[in-house]
Amino acid sequence: MLFLKPGVRITGMRPEILLAAVAAMEAYRAAGHDLMVTACVDGKHMTGSLHYAGAAIDLRTRDVVPADVQKLITQIKTCLGDDFDVLLEVDHLHIEFQPKQALTNV
C-alpha cells in the first residue's frame, strides 16, 4: 500500500512521477513492505532540485531491511527505464524523471 507522510504535497507532480510511485509501490509490495512517500514538491532540497519541478519523489527506506534496498532499486530501475534515476541517499530512495533524450522530435 502507498502512504503519504503527513505534510507531503503532490500538487504539481508530473505524471511520470506518478508512474514512478506506482512502480515503487509494486516493488515494495513484492518485498513485503508498504511504501511511504516522504517528499514530492514539498520539503527542502538543493537549489535546482527536480522536486521543485514536480519531477522527483523520495521514499522511506528505514523500515526496509538493508538487503532488500538494493533489490528495490534494481526492480524500480528495470520497470522505469533510462529516463528515471533511482538513487539511494543517506536515509531514503530518491527517484527523478530526467529524460536522456528530447521529449519530442520537433
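These exercises work through the sheet, the helices, the burial and the salt bridges of one predicted model.

Residues are numbered from 1 along each chain as its sequence is written. In this predicted model local features need pLDDT of at least 70, side-chain atom pairs count only at pLDDT 80 or more, and totals for chains, interfaces and linings use all residues, while side-chain values use heavy atoms, with hydrogens and water left out.

**Exercise 1. The sheet**

Task: State the strand order of the sheet and find which strands stand at the edges.

Solution:
- Step 1. Fix the terms. Helices (H or I, at least four residues) and strands (E, at least two) are DSSP runs, numbered from the N terminus. Two strands pair if DSSP finds at least two bridges between them.
- Step 2. Read the order. The 5 strands form an open sheet, E1-E2-E3-E5-E4, with mixed pairing.
- Step 3. Find the edges. E1 (2–4) and E4 (84–88) each have a single partner strand, so one side of each is left without a neighbour in the sheet.
- Step 4. Add the twist. It averages 30° from one strand to the next. Axes here are lines fitted to C-alpha atoms, for helices over the stretch in contact, and angles run from 0 to 180 degrees between N-to-C directions.

**Exercise 2. Strand pairs**

Task: For each pair of strands, give the direction and the number of bridges.

Solution: Strands of a sheet pair through backbone hydrogen bonds, either parallel or antiparallel. Go along the sheet from E1.

| Pair | Direction | Bridges | A facing pair |
|---|---|---|---|
| E1 and E2 | parallel | 3 | Leu-4 and Val-37 |
| E2 and E3 | antiparallel | 2 | Val-37 and Leu-59 |
| E3 and E5 | antiparallel | 5 | Ala-56 and Glu-96 |
| E4 and E5 | antiparallel | 5 | Phe-84 and Phe-97 |

Val-37 links two rows. Its bridge partner is Leu-4 in one and Leu-59 in the other.

**Exercise 3. Burial in the sheet**

Task: Decide whether E2 and E3 are enclosed or open, then look at Leu-93.

Solution:
- Step 1. Set the cut-offs. Buried means under 20% relative accessible area, exposed over 50%, partly exposed in between (1.4 Å probe, protein chains only).
- Step 2. Count in E2. Here 4 of the 5 residues are buried, so E2 is largely enclosed by the rest of the structure.
- Step 3. Count in E3. Here 5 of the 5 residues are buried, so E3 is largely enclosed too.
- Step 4. Split E3 by face. In a regular strand the side chains alternate between the two faces of the sheet. Ala-56, Asp-58 and Arg-60 are buried on one side of E3, Ile-57 and Leu-59 on the other.
- Step 5. Turn to Leu-93. This residue of E5 is buried, at 0% relative accessibility. Leaving out residues up to four places away in sequence, its contacts (heavy atoms within 4.5 Å) include Tyr-28, Ile-57, Leu-59, Val-69 and Leu-87. Val-69 is 24 residues away in sequence, yet 8.7 Å away in space, C-alpha to C-alpha.
- Step 6. Place the helix. H1 (residues 15–30) lies across E1, E2 (35–39), E3 (56–60), E4 and E5, at about 145° to E5.

**Exercise 4. Salt bridges**

Task: Compare three salt bridges by distance and by the exposure of their partners.

Solution:
- Step 1. Define the bridge. A side-chain nitrogen of Lys or Arg must lie within 4 Å of a carboxyl oxygen of Asp or Glu. The structure holds 4 such bridges.
- Step 2. Take Arg-14 and Glu-16. Their N to O distance is 3.0 Å. Arg-14 is partly exposed at 30%, and Glu-16 is partly exposed at 22%.
- Step 3. Take Glu-26 and Arg-29. The closest N and O atoms are 2.5 Å apart. Both residues lie in H1, 3 residues apart, about one turn of the helix. Glu-26 is partly exposed at 37%, as is Arg-29 at 48%.
- Step 4. Take Asp-68 and Lys-71. Their N to O distance is 3.9 Å. They are 3 residues apart in H2 (residues 66–80), about one helical turn. Asp-68 is buried at 15%, whereas Lys-71 is exposed at 57%.
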